[in-house]
Each structure stands twice: as C-alpha cells, then as structure tokens.
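Trainee: I've got the model open and a coffee in hand. Can we walk through how it's put together?

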Amino acid sequence: MARSGLINSDRVLAALTKVNRAHYVQDIEGAYVDAPQYIGYGATISAPHMHAHAAENLLPLLHPGARVLDVGSGSGYLCAVFHHLISDGAPGKVVGIDHIPELVDWSVENLRKDGLGEAVDDGRIVMVAGDGRQGYPSLGPYDVIHVGAAAPKLPSVLVDQLASPGRMFIPVGSYSQEILQVDKDEHGNVTKKQLFGVMYVPLTDKDKQF
C-alpha cells in the first residue's frame, strides 16, 4: 500500500506495521489479503486499504495523548492501530465499542496476543459492549471517532461527542453509501465532506445483525 501511494505518512506506515492482522482474523491464511473478512456474528473486518484510508484521513487529530472512539470495533484491529498512533510520548486513550459481547471478549484476546495486554490492563485501550450508535459519552469527548459500519444518516449523538477540534470518519447511507469526513472546529462549528463511495455492513442493533 505504501508503494502504491495509498499510505503517505511514515506514522501510519509504522503503526500498521506494528499490528499483526493475523491476530485479528479467523482465516489466518487470508490475513494479509486486501479484502474484508467475515469474523462471525454478521460482522466483518474491513479490507486493509480501508483501514489505511481511515488512519490517513484521521491522522491530523491522532496526536499523542488523543482520545479515540472506534464504533463497531469488531476484532479490535483498528483500536490497536490507533493506540500506536496516539501513544508516542503521551498516554492517549482508545475506546472500542461493539454491541456483540462475544466480539468484545475476542477483541481483548486479540489485543493481548498482539502484545497490547498492558495497554488494556491500564486503561489506555478500553473495549466495551454497547450500542455504538449512542457513542460512549462517559470517556469523551473524542478527538477522533471512527465508525466501522454504515449508518443510514449521520448520528447527531456521535457529532456531539466530538471534541473541538475533532474529526469523524463514517460511512453513511443505506443502498448508496459514502464516507463522510465530519470536522468540528475549535468553536464547535461542524462541516461535512464527502470522500468516496463504499459498501459497508449496516450499523444496526444486535438482534438485526445475526
């Protein structure tokens, strides 16, 4: 991805290199294939190029000591990447939320396998089960919010949990989906920018996901 120009930041390249995707998938043989993979419970882990897109887009707000919320955290892969991006010189916090408790438990196992057990134990990475559509306000506001499933419309409650300044990367739409970059400036003003079309699994509730 770096050779093809998809990754332009040395920081993003270093963070992705530190995370072994084989620890976050079920099909080990396909761990490094640039394609989404099914991880059970109606959920997928996104293709590596989408994780690279997200990290590159959110990088300006992924400073040391930042607070990050990953909605639909799945296997925990992107939480690990974010942790490496915000932990250079200052202890940041990454919160992953998913409404499937079994996936949350699995993601913690994955993070430990990837050498991040200490970060989980001391609260630098927090993985919780809950409705990500409502965010996780008790640990906010967040400099960065990443949403890993498509919402039918932009959830205002997540915009409210953005810090000033802050940025959200979120797929929006039902049949036709697009990535929205949502920015909140230091005065609380919100702007939206359409980035590109995508096809994500829907951001829904637990009962509808199975």
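**Strands, cores and a few key residues**

Mentor: Let's start in the strands: Leu69 stands opposite Val95 in β4. Keep in mind as we go that this is a predicted model.

Trainee: How many bridges join β3 to β4, and do the two run parallel or antiparallel?

Mentor: One rung is the Leu69 and Val95 pair you just heard about. Between them the chain goes from β3 through α3 to β4, a right-handed β-α-β crossover. The two strands run parallel, and the number of bridges joining them is five.

Trainee: And in β6, which residue is the bridge partner of Asp70?

Mentor: Here you want the pairing of β3 with strand β6 (residues 142-147), which is in the parallel sense and covers four bridges. In β6, the partner of Asp70 is His146.

Trainee: Is strand β3 largely enclosed, and how many of its residues are buried?

Mentor: Buried here means under 20% relative accessible area. Strand β3 spans residues 67-71, and it is largely enclosed by the rest of the structure because the buried share of its five residues is four.

Trainee: Moving along, which residue stands opposite Val172 in β8?

Mentor: β7 has partners in two strands, so let me take them in turn: with β6 it pairs in the parallel sense over four bridges, and Tyr142 has Leu162 in β7 as its bridge partner. WIth β8 (residues 177-184) it runs antiparallel, joined by seven bridges. In that second pairing, the residue opposite Val172 is Glu178.Trainee: Which residue in the turn of the β7 and β8 hairpin has a positive phi?

Mentor: β7 covers residues 162-172, and nine of its eleven residues are buried, so it is largely enclosed by the rest of the structure. Four residues sit between β7 and β8 in the hairpin. The one in the turn with a positive phi, of about 135 degrees, is Gly173.

Trainee: What about Phe196: what separation do its C-alpha atom and that of Glu178 have?

Mentor: Phe196 lies in strand β9 (residues 190-198), and at 27% relative accessibility it counts as partly exposed. Its contacts beyond four places in sequence are Met50, His53, Phe169, Glu178 and Ile179. Phe196 and Glu178 are 18 residues apart along the chain, and their C-alpha atoms are separated by 5.4 Å.

Trainee: Now the interior. Which element gives the most to the largest nonpolar core?

Mentor: Nonpolar side chains tend to be buried together in soluble globular proteins. The largest nonpolar core here has 45 residues, and Tyr24, Leu62, Val81, Phe82, Leu85 and Leu111 have the most contacts inside it. Elements that each supply at least two residues include α1, α2, α4 and β5. With eight residues, the element that gives the most is α3.

Trainee: Leu62 is on that list. Is Leu62 buried or exposed?

Mentor: Leu62 is found in the loop between α2 and β3. Setting aside neighbours within four places in sequence, it is in contact with Arg11, Ala55, Val68, Phe82, Leu85, Ile86 and Val144. Its relative accessibility is 0%, so Leu62 counts as buried.

Trainee: Tyr24 is there too. What kind of aromatic pair do Tyr24 and Tyr77 make?

Mentor: The count comes to one aromatic pair. It links distant parts of the chain, with Tyr24 in the loop between α1 and β1, Tyr77 in helix α3, and the two positions 53 residues apart. Both Tyr24 and Tyr77 are buried. Their ring centres are 5.6 Å apart and their planes sit at 85 degrees, so the pair is edge-to-face.

Trainee: Why is α2 largely enclosed by the rest of the structure?

Mentor: Look at which α2 residues are buried: among them are Pro48, Met50, His51 and Glu56. α2 is largely enclosed because, of its eleven residues, the number buried is nine.

Trainee: Last one: how far is the backbone nitrogen of Gly74 from a polar atom of the Asp98 side chain?

Mentor: Asp98 lies in strand β4 (residues 93-98), and at 7% relative accessibility it counts as buried. Its contacts, leaving aside neighbours within four places in sequence, include Gly72, Ser73, Gly74 and Val128. From the Gly74 backbone nitrogen to that side-chain polar atom, the distance is 3.0 Å.

Terms used: Residues numbered from 1 in each chain as written. Predicted model: local features only at pLDDT ≥ 70, side-chain atom pairs only at ≥ 80, totals over all residues. Heavy atoms only, no water. Core = buried A, V, L, I, M, F, W, Y, C linked by side-chain atoms within 4.5 Å. Buried < 20%, exposed > 50% of the residue type's maximum accessible area, 1.4 Å probe, protein only. Polar contact = N/O pair within 3.5 Å; in protein donor to acceptor, adjacent residues only side chain to side chain. Contact = heavy atoms within 4.5 Å. Pairing = 2+ DSSP bridges. Right-handed = clockwise from strand over helix to strand, strands pointing away. Phe/Tyr/Trp six-rings, centres within 6.5 Å; stacked < 30°, edge-to-face > 60°.
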